[in-house]
Amino acid sequence: MAKPLALTSGEPAGIGPDIAIKAWLRRDELKLPAFYLLGDRDFFHQRARTLGLEVKFAEVRAEDASDAFADALPVVATGHAATAQPGRPDGTSADAAIASIRQGVSDVVAGRAAAVVTNPIAKSVLYRAGFRHPGHTEFLAELSAAGGQTPQPVMMLWSPALAVVPVTIHLPLREAITRLSRELIVTTARIVDGGLKTYFGLAHPRLAVSGLNPHAGEDGSLGTEDQAIIAPAIDILRGDGIAVRGPLPADTMFHEAARQTYDCAICMYHDQALIPIKTVAFEDAVNVTLGLPFIRTSPDHGTAFDIAGTGQANPSSLIAALRLAARMAAAQPA
């Protein structure tokens with residue numbers, strides 16, 4: 001039997017518990033891969049009651065989750081209970097969310113789970129509790145550090161219609177521009193090329209690299225970064241044998257015909273990548289972290305405090321994340 005997926009609780013006051021429960025209830029209809037929730041069984045049971053849903057929970061070891069999955073939603077305890085009400089994070093939110101992430105990574109590294117799937121966190125809640133990472137991606141990189149070396153995580157947003165990668169991630173735009181470098185672009189694109197080969201079955205991935213400035217700098221008249229930083233990085237990547245084009249004007253990269261010419265768009269900053277994919281594939285886009293020594297996927301949306309506990313949360317992106325994590329786990333070398 002295949003190893004289960006470790007699913008974190010995310011922010012307890014958000015929609016993570018809601019969509020996890022909804023996904024499990026559709027397990028047979030959608031033939032979902034086995035997964036288990038990380039957190040406190042009593043908390044999840046109370047959320048199911050709030051949603052008016054009849055759900056059987058089973059507190060299990062990770063190793064036994066696949067066997068339990070058909071009849072009950074498996075829960076692996078983290079030792080950190082949450083008391084937060086829907087839409088109202090409290091003092092337990094941060095500890096419960098962080099413990100869930102730590103345990104998920106521990107389980108997949110130890111071979112108890114095939115991959116970790118993370119529900120959305122509320123960074124503002126974590127920051128108030130002393131969390132010092134810009135986001136999920138950077139925290140996962142630190143947790144996977146070995147021998148003092150922290151891997152470079154690469155955030156890819158994937159959907160059947162479009163895949164994008166921001167070279168700089170959770171930074172103010174002013175800082176993102178100053179951080180952009182030839183080396184960062186090259187390293188990011190190499191990780192994407194390797195990930196697409198390993199996990200997505202693409203023997204020769206096609207990468208499209210955006211420019212930073214309008215019209216990719218218009219030959220330097222609208223900024224020099226495209227010529228001085230991005231173009232030399234593309235030359236290096238071509239020297240590696242990677243199929244890459246650019247720098248391309250970002251405003252013409254994402255219409256339907258353009259999307260057929262590449263497998264992944266490498267963008268220079270967060271919104272340049274996320275606006276198009278959230279426009280094209282808001283319900284089924286998946287956040288994938290490449291460059292880590294384990295598989296991690298996540299829904300491509302936030303905590304949605306305003307609808308937590310109301311039954312309105314759509315589990316589509318989580319379902320896509322679970323399916324993609326299982327697909328990637330099946331594709332990785334033995």
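This report walks through a helix, a cis peptide bond and two loop residues. The model is predicted, so please read every value below as computed from that model.

**A helix on the inside**

Let us begin with helix α1, which spans residues 16-25. Nine of its ten residues are buried, so the helix is largely enclosed by the rest of the structure. If you would like to find the buried ones in the viewer, look for G16, P17, D18 and I19, then A20, I21 and K22, and finally A23 and W24.

**A cis bond in a strand**

Next, move along the chain to strand β9, which covers residues 243-248 and includes P247. The peptide bond that leads from G246 into P247 is cis. Its omega angle is near -5°.

**Two residues with positive phi**

Now for the loop between β8 (206-210) and α10 (225-239), where H215 is found. D219 also has its place in the loop between β8 and α10. H215 is a residue other than glycine, yet its phi is positive. A positive phi likewise appears at D219, again a residue other than glycine. The table sets out the values for both.

| Residue | Phi | Relative accessible area |
|---|---|---|
| H215 | near 60° | 44%, partly exposed |
| D219 | near 55° | 70%, exposed |

Why is D219 called exposed? The cut-off for that word is over 50% relative accessible area, and D219 has 70%. H215, with 44%, is partly exposed, because that term covers the range between under 20% and over 50%.

Methods
Residues are numbered from 1 along each chain as its sequence is written. This is a predicted model: local features need pLDDT of at least 70, side-chain atom pairs count only at pLDDT 80 or more; totals for chains, interfaces and linings use all residues. Side-chain values use heavy atoms; hydrogens and water are left out. Buried means under 20% relative accessible area, exposed over 50%, partly exposed in between (1.4 Å probe, protein chains only). Helices (H or I, at least four residues) and strands (E, at least two) are DSSP runs, numbered from the N terminus.
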